Every structure is written in structure tokens, then in C-alpha cells.
Amino acid sequence: MQTLLVAATCFSTALLPATGTASTDLPVLNDASSATVSLDAEYRLGRNWARILRAQAPLLDDPISYQYLEDLLWRLLPKSQVQDRRLELFLLDNPTFNAFAVPGGIIGIHSGLLLAAETEGELASVIAHELAHLSQRHYAQRLEEERRNRPLMLAGLLASILVAAADTQGGMAVLSSTMGANAQGQLAFSRRNEQEADRVGMQTLVEAGIDPHTMPQMFSRLQRNYRFYGQRPPEFLLTHPVTESRIADSLNRASQLPEVQSHADNSDFNLIRARMQVHHSESPQKALATFRAATQDSDQLHNRYGLMLAAIAAADFALADKTWNTLDASARRHPWLLLSRVERFLAAADSASALEISSELIALYPDSRPVRTLHARALRETGQLQQAIRIYKQLTRDYPTDTLIWFELAEAEGLAGNILAVHEARIEHFLLTAQFDLALKQLEYAAREKDLTASDRARLEQREQEAKALRQEMKEQF
């Protein structure tokens, strides 16, 4: 973490020229030829910054929760004002409450947001708000405003978000006063920006069939709970200041919008929230105690699901099975609960039972990302490596920037003895995490392999050129 803070501090402050002469690495807003950052420059910078994010911030390996959030995002996106729909979702393994949408279509959600929200509408309101910041180009606007005081670059803004994303403790007191001041000044949205994002975001909610009142409800509750966050509140409250006047204004705006007729359904949200509660619990035993008490107070599905997950985490598979058997037939047909049974058997090293369930699921949901991911794991654990590799390759084609899938593909190729394929999967993983020296080293190893075809050599040479060009581009950007 200390290394990250030093790097991020340099990342942010080194971009500010000491003598008043602007660096030429990125578009500077006091340059008369570049009064604003172009959309293309935003996109390229944001996508390359995402490589650093993947390397520095822990990603949550939970395909079920990821799919839920991606589905919710795509429910909102077509109703938003975002023009460029090339979005990429990041689910960060971070219990703090935060979300961000930065240039390049990068949407980041801390897993702690699923704990902070109490309904799907509240969760959606935060995502809609962030999409509004993206569609209104508030980052570029803030850069334009800052240029009057000092030459500031977009990369400096992104450094602060990177630090917050990688801080899983919610502390950040270790930041130097200089870095802290820079981060706060760079990240804080103006009152006008916040009001506009509220207005645009609530309109998105209405268009998506979600009650716009969930946005002021979420912000109001966060403000009431502010005292529980100690000396440093959540990053979201630092960058999106919540005041009484803002809450009142958003309530007034919500009341003027068309009434949403659809009935809110929080069943899936509650299941995913239970997953996060177990994941972020202090210990599996603590989670067991929490959900035992919850099931006694309310015998709802999400409480029993949480108890089952806690039992799996505690390796109490007898309790997990007992809880499963208490579910009614419709609940036991729910794909997420069936996938959790696959997780249970994989955790118990019963890969044959896991594969039996995942095979049934893949027949029903052949395009499902979490189904394919867990089915591939079950195939790999049962030694059916070629079938696992085939699915992993399909996943990398459908989700080419998912480092977790590339990592699992490399593992499967290694078990199958496909050394060249191992190198190539690792190359992609390292490029996606901005580890260019390691990627080039893997290319060197791959080129030494015996029996390479002319096509193999041409492919490796082209990837080497692309890797070097990408490394140079990021040197110029960051």
C-alpha cells in the first residue's frame, strides 16, 4: 500500500510543472490549442488508466455479483444521456462506500456500495448519478475551470480515484498533506455539477422505471449516518458533498417528475447484498452468527441464502446442505442459488457434483457469464481441460479485458501442457495490468518455444510491436 501511495502521489503531483511551464505529455487546458480535452483523448486516457486500476486495486472475483451489477448498469445506460456506450464495469473488492464513472467509459463500483444501499433503487440512484457526471463531461469542465489557477491534467484527477479504489481500509490518513489537498481539490465536484448530476440522474431513473425519490433517500440516509464514519467519511461523501439544501432540492425535483408505476422488486438485490455481507464479514463464524439471528427474526429467502453462503465460507457443508434443503422448489431453481451450490461443491473439492449442476445450468443458460465461468472451473477441476479451455477462450473473446478470465485460462493451459498458450494468456494479462516489462518477457519466452509456425512467429512479433507502442503511449500519458 505504501508503494501505491508513493506512486500515486508522484502520479498526481509530478504532472504539475514546477516552473509554470506545462508538460507536453497530455493536453493542458491553458494551452490555447487545447481549451478542452477531446472525447477521443478522454477515451484513450481512461482506458489506459484502467490498466493501472487493474494492477493496483483489488477486483472482486464474484461473477454472480458482477453479472447483477452489469445487468443493472445496462438497464440504466440506454435511458441515460451517455452517448458513447463503450462502457466497462469494475467491481472492486473494497468495503468502503464509493462509485465512480470516469472518462473512457470506466464505471467503478466498490463492493461496499452494495452494503450501504438498502434497496435496488438506492443502488441504481448512485449509478445513475455517476452516469450523469460522465454524460455531462464534468471532469473536462472541472479541468477547464482549474486552468485559471494552475495547469492541471486529467491524469492528476484519475490518480486520486486510484488511491481511493486501492484503499480497502477506508483510512487514507497516511496521505501526505500535499497529496490530500490535491486529491480533495481535484475530486470534489462543484455544487452546480452535483445538482446537474442529480437532475439528469433522476431523469434516467424515471426512464428506467425506478422511483427518483430513491436518490434523495440514499443521500439523506448517508448524511444521517455520517457520524459513524469517524474522522474520514466515505470517499463518495468527500467527492459528492451532501448538504441539507441539496437533499431538499433533489426531493423537490423528484416530486416534479412523472410518477413511476412499476413495483420495486428487491429480491435479487437482497440476494447479492447477502453475498457481500458474507464476503465482508470479519470471519465466517461472524457471518454465521449474523445470518442465524437474521433467519430467526425473518425467514426470508435472502437470509437463508446468506446462512448457506456463510456455512460454505466456514466449511460447514452439512449446514449448507441443511439450509439448501429448507428452500422451496422455486428458490432451488433460481440460477444464482444453483450457482452457489456449484460454489459449495467446488469449495468442498467435490468437483463431480459441481460439474453435474453446472452442466445442467450451461444447457439452460449457455450465454450466461457466471454460468460459463463456474462451469469452466468445474470442468478444469474434473480434469476436462480441453472443454474448460474452449469455454475460457469463448469468455476472453466476449470479455477481452477481464484479467480474471485470462488468469484462469493461463492456469488451464498450463495444466494441459500448452506452454505457448500459457505465455500468450499471460501476455494479455500483463498488458491489461500495465505490466509491460513482464509482458515483453513472456513474449521473449514464447519466441523460444520449439516448433513455432510462421503464423505463430508473426503473431508474436505483432504483439511485441503493439506492447511496445502501448508502453510508449502510457509513458507519454502518465
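User: Happy to start with a single residue: which residue stands opposite Phe-90 in strand 3?

Analyst: Keep in mind that this is a predicted model. Strand 3 covers residues 106-110 and pairs with strand 1 in the parallel sense, over five bridges. Within strand 3, the residue opposite Phe-90 is Gly-108.

User: Nice. Why is one side of strand 1 and of strand 2 left without a neighbour in the sheet?

Analyst: The sheet is open, with mixed pairing, and its three strands come in the order 1-3-2. Strand 1 (88-92) and strand 2 (99-102) therefore have one side free because each stands at an edge, with a single partner strand. As for the twist from one strand to the next, the average is 15 degrees.

User: Which helix packs on the sheet by touching strand 1 and strand 3?

Analyst: Two helices are worth a look here. Helix 5 (residues 120-135) lies across strand 2 and strand 3, at about 25 degrees to strand 2. The one touching strand 1 and strand 3 has a direction about 140 degrees from that of strand 1, and spans residues 63-76: helix 3.

User: Let's go inside. Which residues does Leu-123 contact, leaving aside neighbours within four places in sequence?

Analyst: Leu-123 belongs to the largest nonpolar core, which has 93 residues; along with Tyr-68, Leu-131 and Met-218, Leu-123 touches the most other members. With the sequence neighbours set aside, its contacts are Tyr-68, Leu-69, Leu-72, Leu-113, Leu-114, Ala-117 and Phe-269.

User: And how many residues make up the second, separate core?

Analyst: You can find that core in the structure through some of its members, including Trp-49, Ile-427, Phe-436 and Ala-467. Its total is 28 residues.

Methods. Residues are numbered from 1 along each chain as its sequence is written. This is a predicted model: local features need pLDDT of at least 70, side-chain atom pairs count only at pLDDT 80 or more; totals for chains, interfaces and linings use all residues. Side-chain values use heavy atoms; hydrogens and water are left out. Two strands pair if DSSP finds at least two bridges between them. Helices (H or I, at least four residues) and strands (E, at least two) are DSSP runs, numbered from the N terminus. Axes are lines fitted to C-alpha atoms, for helices over the stretch in contact, and angles run from 0 to 180 degrees between N-to-C directions. Contact means heavy atoms within 4.5 Å. A nonpolar core is a set of buried Ala, Val, Leu, Ile, Met, Phe, Trp, Tyr and Cys residues joined through side-chain atoms within 4.5 Å. Buried means under 20% relative accessible area, exposed over 50%, partly exposed in between (1.4 Å probe, protein chains only).
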